[in-house]
Amino acid sequence: MFNTVGSPFLAIDQLRSLFPILTQQVHGNSLVYFDNAATTHKPRAVIRSAQDFYEQDNANIHRGVHGLATRSTIAVENTRTAVKKLIHAPEEDAVIFTSGTTESLNLIAATYGEMEIHEGDEILISEMEHHSNILPWQLLCKRKKAVLKALPIDKLGALDLTELAQWINKRTKIVALTYVSNTLGVINPIASIIAAAHAHGAIVVIDGAQAVAHFPIDVTSLNCDFFAFSAHKMYGLTGLGFLYGKSKWLKQMIPYQTGGGMVKKVTLQEVVYEELPYKFEAGTLPLASIISFNEAINLILAIGYPQLMAHEAALFQYAWTNLANIPAVQLIGNADHKVGIIAFNILGMHHLDVGLLLDTKGIAVRTGHCCTQPLMERLGIEGVIRISFGLYNTKSEIDFFLKILRGIVHKQAITS
Ligand SMILES: Cc1ncc(COP(=O)(O)O)c(C=O)c1O
């Protein structure tokens with residue numbers, strides 16, 4: 001079905017035709033969407049599935065006995081099963097629906113963190129974390145008089161693990177790390193960090209927001225304690241995320257949100273919570289997003305991770321090599337293992353100006369701090385221009401982008 005960049009077959013065109021939004025013009029040019037790390041576009045099957053839900057089944061789940069409620073409940077639980085299989089979770093009840101990676105991480109801080117963190121304890125994150133994986137821990141540490149530490153990055157923009165033994169010690173209770181940096185694209189060697197953390201009795205929380213759309217995940221063999229990710233970054237709708245957690249922790253954790261759907265028994269004085277995973281799913285879930293997410297998973301699996309990875313790797317290599325040949329381009333982060341995310345700046349130009357100029361040609365890139373202000377501070381820059389690829393991007397889109405970028409650089413050189 002899918003061929004890598006430069007293949008004589010044009011299956012990529014068929015694939016692109018599954019995404020209605022890609023056919024549009026922006027400022028008179030075909031849309032070139034290079035902002036997939038922020039959110040991906042949605043295939044027609046996902047959009048239709050959400051529409052079908054509202055046209056045919058719309059009912060709240062786990063509450064009613066009528067036909068619509070039964071169909072909705074089955075469809076939601078089917079997605080839970082599909083997510084469990086996708087990330088190789090050992091049990092279905094270890095997969096919790098949340099509103100996104102952000103909520104998943106906040107949930108852990110507000111439950112496990114509230115229970116287990118005490119004065120003087122340490123929580124270890126890294127200098128490349130997204131704000132979503134900094135702030136819940138920062139605020140928890142303030143509440144508990146605990147200490148927040150951050151693993152440094154080296155000059156290539158990779159985690160500096162040379163002194164890992166100093167960073168993870170007997171006071172470390174939680175290690176919370178991103179699998180993939182949303183700004184630098186670097187894939188972190190989390191397996192070795194998980195082993196080091198466990199050796200000191202710390203649990204490990206993985207922010208997988210930029211991982212699951214790009215390579216296969218096996219939470220069981222990773223042996224992480226928690227794993228968080230979002231549907232909208234992997235071709236699903238917004239408002240939906242996932243939290244995988246080891247049952248032994250989830251069982252002990254007391255819900256931080258309470259309400260309908262998560263209780264067995266309520267009196268005016270007491271509550272008995274539902275079993276996992278429902279005790280963490282208070283209120284009405286984003287049902288259409290959940291049900292339609294099954295189609296996003298189907299698409300990823302139909303393409304296959306090996307093909308998807310080869311495609312994105314080829315796009316990355318092509319873009320990186322060509323950008324490196326433009327003298328005014330300063331590529332940021334030169335680590336070895338990356339997904340299709342590239343951050344750069346143009347000498348003498350503000351990143352926002354470059355973003356706006358690219359937009360005039362229909363090219364969508366991310367500009368700014370990418371929700372990684374501590375990383376920006378560490379790198380001594382204010383922001384970046386970030387391009388990030390999805391499964392529908394093509395080499396010819398990169399060619400167009402490079403042509404426009406060279407024009408911008410040229411104009412800047414002759415006017416300055
Ligand atoms: C690495 C990382 N973590 C967390 C998030 C937050 O994800 P969401 O906004 O879907 O909750 C993002 C979003 O860009 C991200 O890239």
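Author: Welcome! Before we start, one definition: helices and strands here are DSSP runs, numbered from the N terminus, with at least four residues for a helix and at least two for a strand. The model itself is predicted.

Reader: Thanks! Where is Pro277 found?

Author: Pro277 sits in the loop that links strand 12 (271-273) and helix 10. Look at the bond leading into Pro277 as well: the peptide bond from Leu276 to Pro277 is cis, and its omega is near 0°.

Reader: Which loop holds His27?

Author: Go to the loop between strand 1 (25-26) and strand 2 (29-30), and you will find His27 there. The backbone angle to check is phi, which for His27 is near 50°, a positive value in a residue other than glycine.

Reader: Now the helices. At what angle do the axes of helix 2 and helix 10 cross?

Author: Helix 2 (residues 44-57) crosses helix 10 (residues 287-303) at roughly 150°, and the two axes come within 8 Å. An angle over 145 degrees counts as roughly antiparallel, so helix 2 runs roughly antiparallel to helix 10. The crossing of this pair is right-handed.

Reader: Which residues of helix 2 and helix 10 make the contact?

Author: From helix 2 come Ala45, Val46, Ser49, Ala50, Phe53 and Tyr54, and from helix 10 come Leu287, Ala288, Ile291, Ser292, Glu295, Ala296 and Leu299. Sorted by class, the contact of helix 2 with helix 10 has 10 nonpolar, 2 polar and 1 charged residues.

Reader: How do helix 3 and helix 10 pack?

Author: Helix 3 (residues 67-87) packs against helix 10 at about 45°, and their axes are 9 Å apart. Helix 3 is therefore oblique to helix 10. Their crossing is left-handed. On the helix 3 side, the contact uses Ser72, Ala75, Val76, Asn78, Thr79, Ala82 and Leu86, while helix 10 offers Leu287, Ile290, Ile291, Phe293, Asn294 and Ile297. The contact of helix 3 with helix 10 divides into 9 nonpolar, 4 polar and no charged residues. Two names return here: Leu287 and Ile291 of helix 10 take part in the contact with helix 2 and in the contact with helix 3.

Reader: And which residues of helix 11 meet helix 14?

Author: Let's begin with the geometry. Helix 11 and helix 14 (residues 395-415) have axes 10 Å apart and an angle of about 20°. Angles under 35 degrees count as roughly parallel, so helix 11 and helix 14 are roughly parallel to each other. The crossing of helix 11 with helix 14 is right-handed. As for residues, Leu315, Tyr318, Ala319 and Asn322 of helix 11 meet Lys395, Ile398 and Leu402 of helix 14. By class, the contact of helix 11 with helix 14 holds 5 nonpolar, 1 polar and 1 charged residues.

Reader: Stepping back, what does the domain assignment of the protein chain give?

Author: It gives domain 1, made of 11-30 + 304-415, and domain 2, made of 47-301. Taken over C-alpha atoms, the domain centres are 29 Å apart. Where the domains meet, 24 residues of domain 1 are in contact with 22 residues of domain 2. On the domain 1 side, helix 11 (305-324), strand 14 (341-346), helix 13 (373-379) and strand 17 (384-388) each give two or more residues. Helix 11 supplies the largest share of that side, with 4 residues. The same side of domain 1 has 14 nonpolar, 6 polar and 4 charged residues.

Reader: Last one: how many residues surround the ligand?

Author: There are 14, and the closest are Gly100, Thr102, Asn182, Ala209 and Ser230. The shell around the ligand has 2 nonpolar, 11 polar and 1 charged residues. Happy exploring!

Note on methods: Residues numbered from 1 in each chain as written. Predicted model: local features only at pLDDT ≥ 70, side-chain atom pairs only at ≥ 80, totals over all residues. Near = placed C-beta within 6 Å. Nonpolar A, V, L, I, M, F, W, Y, C, P; charged D, E, K, R; others polar. Domains from an automatic or database assignment. Contact = placed C-beta atoms within 7 Å. Axes fitted to C-alpha atoms, helices over the stretch in contact; angles between N-to-C directions. Parallel < 35°, antiparallel > 145°, perpendicular 65-115°, else oblique. Left-handed = near helix turned anticlockwise from the far one by under 90°.
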